[in-house]
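Visitor: I should like to learn how to read the features of a protein model in an orderly way. May we take one structure and work through it together?

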Amino acid sequence: MPKDAAKKPRAKASRADGLTYDVFISYSHQDQTWVQDWLVPRLKRAGLSVCVDVESFEPGAPAVLEMERAVTESKKTVLVLTPAYLES
(Lines give C-alpha, C1' and ligand atoms only; values in the text may rest on other atoms or scores of the structure.)
Protein backbone atom coordinates (compact mmCIF):
# COMPACT_ATOMS: atom_id res chain seq x y z
CA MET A 1 0.00 0.00 0.00
CA PRO A 2 1.45 3.43 -0.91
CA LYS A 3 2.53 5.61 1.99
CA ASP A 4 -0.12 8.30 1.27
CA ALA A 5 -3.00 5.85 0.76
CA ALA A 6 -4.01 5.85 4.44
CA LYS A 7 -4.04 9.65 4.72
CA LYS A 8 -7.33 11.50 4.98
CA PRO A 9 -7.81 13.99 2.17
CA ARG A 10 -7.74 17.58 3.36
CA ALA A 11 -10.64 19.87 2.63
CA LYS A 12 -9.94 22.24 -0.23
CA ALA A 13 -10.50 25.98 -0.08
CA SER A 14 -13.59 26.54 -2.17
CA ARG A 15 -15.02 29.60 -0.48
CA ALA A 16 -14.99 33.04 -2.07
CA ASP A 17 -12.74 34.28 0.75
CA GLY A 18 -10.17 31.57 -0.02
CA LEU A 19 -10.51 29.95 3.39
CA THR A 20 -11.24 26.27 3.93
CA TYR A 21 -13.41 26.50 7.05
CA ASP A 22 -15.84 28.85 8.72
CA VAL A 23 -14.66 27.87 12.18
CA PHE A 24 -11.89 25.97 13.94
CA ILE A 25 -12.81 24.49 17.33
CA SER A 26 -10.01 24.38 19.92
CA TYR A 27 -10.81 22.36 23.03
CA SER A 28 -9.44 20.09 25.74
CA HIS A 29 -9.77 16.41 24.92
CA GLN A 30 -11.49 16.04 28.28
CA ASP A 31 -14.36 17.96 26.64
CA GLN A 32 -14.33 15.90 23.45
CA THR A 33 -17.67 14.19 24.05
CA TRP A 34 -19.51 17.52 24.39
CA VAL A 35 -17.68 19.04 21.42
CA GLN A 36 -18.30 16.02 19.15
CA ASP A 37 -21.83 15.19 20.27
CA TRP A 38 -23.30 18.64 20.92
CA LEU A 39 -21.30 21.57 19.51
CA VAL A 40 -20.06 20.31 16.14
CA PRO A 41 -23.41 18.87 14.98
CA ARG A 42 -25.19 22.16 15.77
CA LEU A 43 -22.61 24.22 13.92
CA LYS A 44 -22.82 21.94 10.89
CA ARG A 45 -26.63 22.03 10.93
CA ALA A 46 -26.32 25.82 10.86
CA GLY A 47 -24.46 25.42 7.57
CA LEU A 48 -20.95 26.10 8.84
CA SER A 49 -17.84 24.32 7.64
CA VAL A 50 -16.17 23.11 10.85
CA CYS A 51 -12.53 22.24 11.46
CA VAL A 52 -12.11 19.93 14.43
CA ASP A 53 -8.98 17.89 15.10
CA VAL A 54 -10.50 14.40 14.89
CA GLU A 55 -11.94 15.13 11.43
CA SER A 56 -9.50 17.60 9.91
CA PHE A 57 -5.99 17.07 11.25
CA GLU A 58 -3.48 15.05 9.25
CA PRO A 59 -2.73 11.80 11.12
CA GLY A 60 0.85 11.75 12.38
CA ALA A 61 1.48 15.44 11.71
CA PRO A 62 2.71 17.57 14.62
CA ALA A 63 -0.37 18.83 16.46
CA VAL A 64 0.97 22.37 16.84
CA LEU A 65 1.46 22.66 13.06
CA GLU A 66 -2.03 21.31 12.41
CA MET A 67 -3.48 23.83 14.90
CA GLU A 68 -1.62 26.65 13.15
CA ARG A 69 -2.95 25.48 9.78
CA ALA A 70 -6.48 25.24 11.17
CA VAL A 71 -6.35 28.80 12.50
CA THR A 72 -5.00 30.24 9.25
CA GLU A 73 -7.51 28.30 7.09
CA SER A 74 -10.54 29.27 9.22
CA LYS A 75 -12.55 32.47 9.29
CA LYS A 76 -12.98 32.23 13.07
CA THR A 77 -11.49 30.23 15.95
CA VAL A 78 -13.68 29.14 18.85
CA LEU A 79 -12.07 28.18 22.14
CA VAL A 80 -14.12 25.88 24.34
CA LEU A 81 -12.81 27.53 27.46
CA THR A 82 -13.30 25.16 30.38
CA PRO A 83 -11.20 24.41 33.48
CA ALA A 84 -9.81 21.40 31.60
CA TYR A 85 -8.70 23.67 28.71
CA LEU A 86 -6.93 26.04 31.10
CA GLU A 87 -5.13 23.14 32.78
CA SER A 88 -3.86 21.66 29.52
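Guide: We shall go from the overall fold to the core, the pocket, the salt bridges and two single residues. Please bear in mind throughout that this is a predicted model.

Visitor: Let us begin with the fold. How many helices and strands are there in the protein, and what pattern does the protein follow along the sequence?

Guide: One first counts the elements and then reads their order. Here there are four helices and three strands. Taken along the sequence, their order is β-α-β-α-α-β-α.

Visitor: Which share of contacts joins residues at least 24 apart, and what percentage of the residues is buried?

Guide: Both values describe the protein as a whole. Among contacts between residues at least 6 apart in sequence, 64% join residues at least 24 apart. Of the 88 residues in the protein, 33% are buried.

Visitor: I turn to the interior. Which residues make up the largest nonpolar core?

Guide: A core is read as a set of buried nonpolar residues joined through their side chains. In this model the largest one has 10 residues: Val-23, Ile-25, Tyr-27, Val-35, Leu-39, Val-40, Leu-43, Val-50, Val-52 and Val-80. The elements that supply two or more residues to this core are β1 and α1 (32-45). Helix α1 gives the most, with four residues. Another core, of five residues, lies apart from it, and includes Tyr-21, Phe-24, Cys-51 and Ala-70.

Visitor: With which residues is Val-35 in contact, leaving aside its neighbours within four places in sequence?

Guide: Setting those neighbours aside shows what the fold brings together. Val-35 is then in contact with Ile-25, Tyr-27, Val-40, Pro-41, Val-52 and Val-80.

Visitor: And Leu-43: is this residue buried or exposed, and what does Leu-43 touch?

Guide: One compares the relative accessibility with the cut-off for burial. Leu-43 counts as buried because its relative accessibility is 18%, and buried means under 20%. Leu-43 has its place in helix α1. Not counting residues up to four places away in sequence, Leu-43 touches Val-23, Ile-25, Leu-48 and Val-50. The C-alpha atoms of Leu-43 and Asp-22 are 9.7 Å apart in space, although these residues are 21 apart in sequence.

Visitor: Now the surface openings. How much space lies in the largest pocket, and which residues are the closest to its centre?

Guide: A pocket is described by its volume and then by its lining. The largest pocket holds about 220 Å³ of space. Its lining has 13 residues, and the closest to the centre are Tyr-27, His-29, Asp-53, Phe-57 and Met-67. Two or more lining residues come from each of β1 (21-26), α2 (53-56) and α3 (63-72). Strand β1 gives the most to this lining, with three residues.

Visitor: What is the lining of the largest pocket by class?

Guide: The lining has eight nonpolar residues, four polar and one charged.

Visitor: Let us proceed to charged pairs. How many salt bridges are found in the whole structure?

Guide: For each pair one asks how far apart the atoms are, and where the partners lie. A search of the whole structure finds three salt bridges. Lys-44 pairs with Glu-55, with the closest N and O atoms 2.8 Å apart. This pair links distant parts of the chain, since Lys-44 is in helix α1 and Glu-55 in helix α2, 11 residues apart. Lys-44 counts as partly exposed at 38% relative accessibility, as does Glu-55 at 33%.

Visitor: Which residues are linked in a network of salt bridges?

Guide: The network links Glu-66, Arg-69 and Glu-73. Between Arg-69 and Glu-66 the closest N and O atoms are 2.9 Å apart. About one helical turn separates Arg-69 and Glu-66, because they are three residues apart in helix α3. Both Arg-69 and Glu-66 are buried. Between Glu-73 and Arg-69 the corresponding distance is 3.0 Å. Glu-73 counts as partly exposed, at 22% relative accessibility, whereas Arg-69 is buried, with a relative accessible area of 9%.

Visitor: Finally, where does Ser-88 lie, and is Ser-88 buried or exposed?

Guide: Ser-88 lies in the segment after α4 (83-87). Ser-88 counts as exposed because its relative accessibility is 72%. The C-alpha atoms of Ser-88 and Gln-30 are separated by 9.6 Å, and these residues are 58 apart along the chain.

How values were computed
Residues numbered from 1 in each chain as written. Predicted model: local features only at pLDDT ≥ 70, side-chain atom pairs only at ≥ 80, totals over all residues. Heavy atoms only, no water. 1 Å grid on protein atoms, 1.4 Å probe; cavity = no way out; pocket = protein on both sides within 12 Å on 5 of 7 lines; lining within 4 Å. Points joined across faces, edges and corners; volume = space filled by probe spheres on them. Nonpolar A, V, L, I, M, F, W, Y, C, P; charged D, E, K, R; others polar. Core = buried A, V, L, I, M, F, W, Y, C linked by side-chain atoms within 4.5 Å. Buried < 20%, exposed > 50% of the residue type's maximum accessible area, 1.4 Å probe, protein only. Contact = heavy atoms within 4.5 Å. Salt bridge = Lys/Arg side-chain N within 4 Å of Asp/Glu carboxyl O.
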